[in-house]
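Dear colleague,

Please find below the structure that I am handing over to you. An account of what was found in it follows.

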Amino acid sequence: MSRTGDAHGTLVDLGYDRPQVPAKARNLSPIVPRASIAGRALVAVVAIMTFLASITTGTVLLVNASAAEWQSEVASELTIQVRPAPGRDIDRDAAAVAEAMRAQPGIVEIRPFTKDESAKLLEPWLGSGLSLDDLPVPRVIVARVQPGTVPDLAALRSRMTQVAPTASVDDHRAWIERMRTMTGATVLAGVGILALMIIATIISVSFATRGAMAANRPIVEVLHFVGAGDHYIANRFLRHFLRLGLQGGVIGGGAAMLAFGFSESIAGWFSGTPVGDQFAGLLGTFSLRPTGYLALAVQAVLIAAVTAWASRRTVFATLDDID
C-alpha cells in the first residue's frame with residue numbers, strides 16, 4: 001500500500017462520498033472537459049439569452065421610470081378650459097378664472113395661454129397656417145399644485161363655474177390611470193419574456209448536461225460504481241456549468257450595458273431633432289440609473305446560477321437512471 005502511495009503521490013481525503021484519487025490526477029483530468037465545442041456553444045447561448053434578457057429588463061426600467069416622471073408631472077398640474085359662449089367675453093372670463101385660481105390654497109403657479117398659444121395646441125391635428133377665428137377655440141389655463149397638496153376638486157370646480165359658467169377643471173386622473181395600466185402591462189410583458197428566456201436557458205443547459213454526461217458516461221459510471229456519491233459527481237458538473245454560465249452572463253450582460261451606454265451617446269447626438277424629441281418624450285433621457293446597471297449585473301449572475309442549478313438537477317436525474 002505504501003509503494004502505491006509513493007508511486008502515485010499522496011492520496012487526498014475527499015470525504016465519505018468521494019473516491020480516493022490523487023490530487024494531481026484529479027486536477028489534470030476533470031470529469032467534464034473544460035474546453036469543448038459543446039461548452040463554447042453553451043457559452044454563446046447563455047450570452048445571447050443574457051443579452052436579450054438585459055435589453056428587456058433595461059427597456060422595462062426605462063419605460064417604468066419615464067412613466068413615473070410623467071405621472072408625477074401631470075399629477076402636479078390642473079388644466080382649466082374656458083369655452084366661448086354667446087354673450088360672454090372669453091378674455092374676461094379667462095382673466096377672472098386665472099385670478100380665482102391664484103386665490104386658491106395650494107396653487108403655486110398660474111399660466112394662462114393666450115389665443116395664439118391655445119390655437120397652436122391644435123396644430124398637430126389641424127395643421128399650421130389656418131385661421132381659427134371662426135372656431136370656438138377654448139382658452140387654456142394651467143395651474144401647478146404645491147407638492148404634497150391634494151386640492152378639493154369639487155369645491156374648485158364649483159368656484160370656477162361661479163366665475164365662468166363655461167369653465168371646466170381637469171385633474172388628468174383618467175390619463176394617469178391609462179398610463180398606470182400601460183406601465184403595468186409593459187412590466188408584465190417584460191416579466192413574461194424573461195420567464196420564457198429562463199425556461200429556454202434551462203432547456204438548453206439540460207440538453208448540454210445530458211450531452212456531456214453521455215460523452216463521459218464511462219467515467220461517470222466507473223466513479224459511480226466505485227463509490228463516488230451523487231453529490232460529488234453533481235458538484236463537478238455544477239462547477240463546470242457555473243463557470244460557463246458566468247462566462248456567458250458576463251459577455252451578454254456586458255454587451256447589454258455597453259449598448260445602453262452607447263444609446264445615451266446616440267440620444268445626445270439626436271437631441272433637438274424630431275427623432276430625438278420623440279425618443280425623449282417616450283423614454284425620457286434614455287439613460288439607465290446606476291441601480292439599473294446593478295440590476296443587469298445581478299440578472300447576469302442569476303442566469304449563471306440558473307445554469308448551474310439546471311445542470312445539477314439534470315445530473316441527479318441521469319444518475320437515477322444509471323442506478
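**Findings**

With a relative accessibility of 32%, R144 counts as partly exposed. Please bear in mind throughout that this is a predicted model.

R144 takes part in a salt bridge with E77, in which the side chains meet at 2.7 Å, N to O. This pair links distant parts of the chain, as E77 belongs to strand β1 and R144 to strand β3, 67 residues apart. E77 is likewise partly exposed, because its relative accessibility of 22% is not under the 20% that would make it buried. The pair is also part of something wider: a network of salt bridges links E77, E109 and R144. In total, the structure holds six salt bridges.

Two further salt bridges deserve a description. The side chains of D91 and R139 meet at 2.3 Å, N to O. Here too distant parts of the chain are linked, with D91 in helix α4 (residues 90–102), R139 in strand β3, and the two positions 48 residues apart. The two partners fall into separate accessibility classes: D91 is partly exposed at 42% relative accessibility, whereas R139 is buried, with a relative accessible area of 11%. The other salt bridge is formed by D93 and R88, whose closest N and O atoms are 2.9 Å apart. In this case the acidic residue is the buried one, since D93 has a relative accessibility of 7%, while R88 is partly exposed at 38%. In general terms, side chains of opposite charge can pair when their charged atoms come close.

The strands that carry some of these residues are themselves paired. Strand β1 (residues 77–82) runs antiparallel to strand β3 (residues 139–145), and six bridges join them. Within this pairing, T79 has V142 of β3 as its bridge partner. Strand β1 also pairs with strand β4 (residues 167–170), again in the antiparallel sense, over four bridges. There, the bridge partner of I80 is V169. As background, the side chains of a regular strand alternate between the two faces of the sheet.

Turning to the helices, α8 covers residues 173–215, and its geometry can be checked directly. Its 43 residues, at 1.5 Å a residue, should span 63 Å, and the C-alpha atoms at its ends are indeed 63 Å apart, so the expected and modelled spans agree. The buried residues of α8 include I176, M179 and T183 towards lower numbers, G190, M197 and T201 further along, and A208, T209, A212 and M213 beyond these. L196 is also found in helix α8, yet this residue is exposed, because its relative accessible area of 59% is over the 50% cut-off. Together with I199, I203 and F207, L196 makes a nonpolar surface patch of about 450 Å². An α-helix has 3.6 residues a turn, so residues three or four places apart point the same way.

Finally, which residues does I251 touch, leaving aside those up to four places away in sequence? The contacts are V43 and A47. I251 itself lies in helix α10 (residues 230–269). The C-alpha atoms of I251 and A47 are separated by 5.6 Å, although the two residues are 204 residues apart along the chain.

With kind regards

Conventions. Residues numbered from 1 in each chain as written. Predicted model: local features only at pLDDT ≥ 70, side-chain atom pairs only at ≥ 80, totals over all residues. Heavy atoms only, no water. Contact = heavy atoms within 4.5 Å. Expected span 1.5 Å × (residues − 1). Buried < 20%, exposed > 50% of the residue type's maximum accessible area, 1.4 Å probe, protein only. Patch = residues over 30% accessible without salt bridge, like charges linked within 9 Å, V, L, I, M, F, W, Y side chains within 5 Å. Areas by Shrake-Rupley, 256 points an atom, 1.4 Å probe, with all protein chains shown as cover. Salt bridge = Lys/Arg side-chain N within 4 Å of Asp/Glu carboxyl O. Pairing = 2+ DSSP bridges.
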